[in-house]
Amino acid sequence: MNLTQRKLKIALVLVDRANYGRLKPVMEFMRERPEIDLRVVCAGTMLLDRFGLTRNIVERDGFEISGEVYLEVEGSLPNTMTKSIGLAIIEFSGVFRSLNPDFVLVIGDRYEALGAAIAAVYQNYCLIHVQGGEVSGSIDELTRHAITKLAHYHFPSTKRSGDYIVAMGESPETVFPLGCPSADVVVRANGKLPLDTLHRLGVGPSLNFDRPYLLVLFHPVTTEFAGAEKQMEAVLSAIRRTGEQIVLLWPNIDAGADGVSQAIRRFREFHHEIPLHAYKNFQPEEYVPIMGNAACLVGNSSSFIRDASFLGVPVVLVGSRQDGREWCEAVKRVQPFEEEIFTAIKEQLKNGRYPASTLYGEAGASQKLVEKILTLLPYTQKRLHYAKVGSCKTAESVVAPSSEPTIRVPSDWENSVVK
């Protein structure tokens with residue numbers, strides 16, 4: 001196959017609102033490159049109204065959607081998540097077969113992305129994985145590394161993540177720790193609050209955005225799904241005691257989400273006096289200033305660790321969902337107990353802003369990622385790097401494997417698994 005005589009076709013998979021928030025600048029650079037034929041595939045909660053129907057935002061931003069994959073089985077239970085993965089494999093396989101891309105690109109650690117990854121590699125499509133190699137809690141930890149072992153090329157956000165990928169047996173020639181595309185989203189976003197959106201959308205009393213507010217986003221932890229409702233009750237009780245205004249985002253669709261949502265609905269029903277306004281979704285350019293202008297972020301969203309790190313906003317990270325991730329000094333981790341959460345919020349409000357962090361890279365990561373992809377050649381057969389086999393090839397060069405392959409384990413492996 002001579003890729004120089006035609007465009008490089010990339011099927012880029014989006015399975016939830018966070019995917020688009022982080023990949024939008026990558027998609028924009030791909031759209032600008034005449035060598036790339038970008039095919040966007042929207043799936044999962046991107047297609048559901050109760051999560052804000054994010055696929056409409058993608059389309060309004062000028063991206064043509066080449067495929068839609070409906071895969072979510074209702075119930076928010078481990079059983080329904082498992083069935084959703086099965087549907088994802090079935091539906092993605094048909095979409096990829098129709099598109100016949102040179103590369104399939106997925107990001108992160110969602111179970112929907114795992115379904116896409118399996119559907120791609122079992123049909124011999126070359127898989128690119130963004131944000132692999134990280135460590136966290138919940139089922140996401142297992143899913144992320146499973147996708148890594150399926151992927152042919154890797155774009156981790158940090159050097160440590162890249163080292164972990166190599167330690168898992170991936171060839172260093174396929175690992176490119178260029179930083180997180182979120183940095184470009186933050187840099188491009190207008191710092192002004194989207195007041196029209198904040199006043200027009202969502203449910204609950206109107207808030208006064210001249211006053212401080214907390215941004216709250218708490219997802220269920222799949223491996224602790226039976227306790228999700230109780231954990232959310234603890235979060236709500238704690239933020240009620242602060243007396244602050246609350247901007248709240250509804251949780252994702254994972255097992256336990258119904259319990260989290262029920263706790264929120266009960267809280268709203270019995271506490272009309274609390275200034276809490278709940279939203280389904282924000283566009284990436286809106287979400288950044290909403291985070292950036294918050295007095296404190298409370299919950300367990302990965303955006304509070306990754307995206308917020310560029311802003312220096314104080315974070316109270318609740319529970320185990322992000323345990324093991326790299327985070328900056330602005331993050332204070334607590335157990336999902338009311339008193340701990342309340343005390344941490346008060347401390348963070350008193351502390352105020354932290355210095356912005358470059359832990360997850362700097363602006364320009366998205367362009368570097370796209371430029372690097374243009375140098376890669378698709379391939380199908382991968383093996384453990386330390387198994388003494390030939391290396392994969394790039395369009396720039398062919399590098400022979402070391403005559404004495406070794407397993408490179410990061411020096412901080414034992415100390416960095418749990419934060």
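**Entry 1: a pair within one helix**

How many residues apart in helix α2 are E59 and R55? I began with this question, working on a predicted model. The two residues lie 4 residues apart in helix α2 (residues 54–60), so about one helical turn separates them. I then looked up their side chains and found that E59 and R55 meet in a salt bridge, with 2.8 Å from N to O. I recalled the general rule that side chains of opposite charge can pair when their charged atoms come close. A second rule also applies to helices: an α-helix has 3.6 residues a turn, so residues three or four places apart point the same way.

I also noted the accessibility of each partner. E59 has a relative accessible area of 42% and is partly exposed. R55 has a relative accessible area of 14%, which means that R55 is buried, because the limit for buried is under 20%.

**Entry 2: pairs between distant parts of the chain**

I next looked up E170, which forms a salt bridge with K149; their closest N and O atoms are 2.7 Å apart. This pair links distant parts of the chain, 21 residues apart. E170 sits in the loop between α6 (159–167) and α7 (182–188), while K149 sits in helix α5 (residues 140–150). Are E170 and K149 buried or exposed? I found E170 to be buried, at 3% relative accessibility. K149, at 33%, counts as partly exposed.

I then turned to E233 and R266. They form a salt bridge in which the closest N and O atoms are 2.5 Å apart. Here too the pair links distant parts of the chain: E233 belongs to helix α9 (residues 228–242) and R266 to helix α10 (residues 257–270), 33 residues apart. Both partners are partly exposed, E233 with a relative accessible area of 34% and R266 with 31%.

Which residues do salt bridges that share partners join into one network? I listed D109, E134, E141, R144, R306 and R325. For the whole model, I recorded a count of 32 salt bridges.

**Entry 3: helix α5**

I returned to helix α5 to see which of its residues are buried. I noted D140, E141, T143, R144, H145, I147 and T148 as buried. Against what do the buried residues of α5 pack? They pack against β4 (103–107), α4 (111–121), β5 (126–130), β6 (153–155) and α6. I marked E141 and R144 in particular, since they are buried in α5 and also belong to the salt-bridge network.

**Entry 4: strand β11 and its neighbours**

I examined strand β11 (residues 315–318) next. V315 and L317 point one way from the strand, V316 and V318 point the other way, and all of them are buried. Strand β10 (residues 296–299) runs parallel to β11, and 3 bridges join the two. One detail I recorded is that G299 has L317 in β11 as its bridge partner. Strand β12 (residues 331–334) also pairs with β11 in the parallel sense, over 4 bridges. There, V318 has V334 in β12 as its bridge partner.

**Entry 5: S303 and G324, two loop residues**

Where is S303 placed? I located S303 in the loop between β10 and β11. S303 is buried, with a relative accessible area of 5%. The side chain of S303 makes a polar contact with the side chain of Y287, at 2.7 Å. Leaving out residues up to four places away in sequence, I found that S303 touches R22, Y287, M291 and A308.

I found G324 in the loop between β11 and β12. At 1% relative accessibility, G324 counts as buried. I compared its place with that of E134: the two residues are 190 residues apart along the chain, yet 7.9 Å separates their C-alpha atoms. E134 had already appeared in my notes as a member of the salt-bridge network.

**Entry 6: S66 in strand β3**

My final look-up was S66, in strand β3 (residues 65–69). S66 has a relative accessible area of 28% and is partly exposed. Which residues does S66 touch, not counting residues up to four places away in sequence? I noted R39, V40 and L99. Of these, V40 lies 26 residues from S66 in sequence and 5.4 Å away in space, C-alpha to C-alpha.

How values were computed: Residues are numbered from 1 along each chain as its sequence is written. This is a predicted model: local features need pLDDT of at least 70, side-chain atom pairs count only at pLDDT 80 or more; totals for chains, interfaces and linings use all residues. Side-chain values use heavy atoms; hydrogens and water are left out. A salt bridge is a side-chain nitrogen of Lys or Arg within 4 Å of a carboxyl oxygen of Asp or Glu. Buried means under 20% relative accessible area, exposed over 50%, partly exposed in between (1.4 Å probe, protein chains only). Two strands pair if DSSP finds at least two bridges between them. Contact means heavy atoms within 4.5 Å. A polar contact is a pair of N or O atoms within 3.5 Å; within protein, one must be able to donate a hydrogen and the other to accept it, and residues adjacent in sequence count only if both atoms are side-chain atoms.
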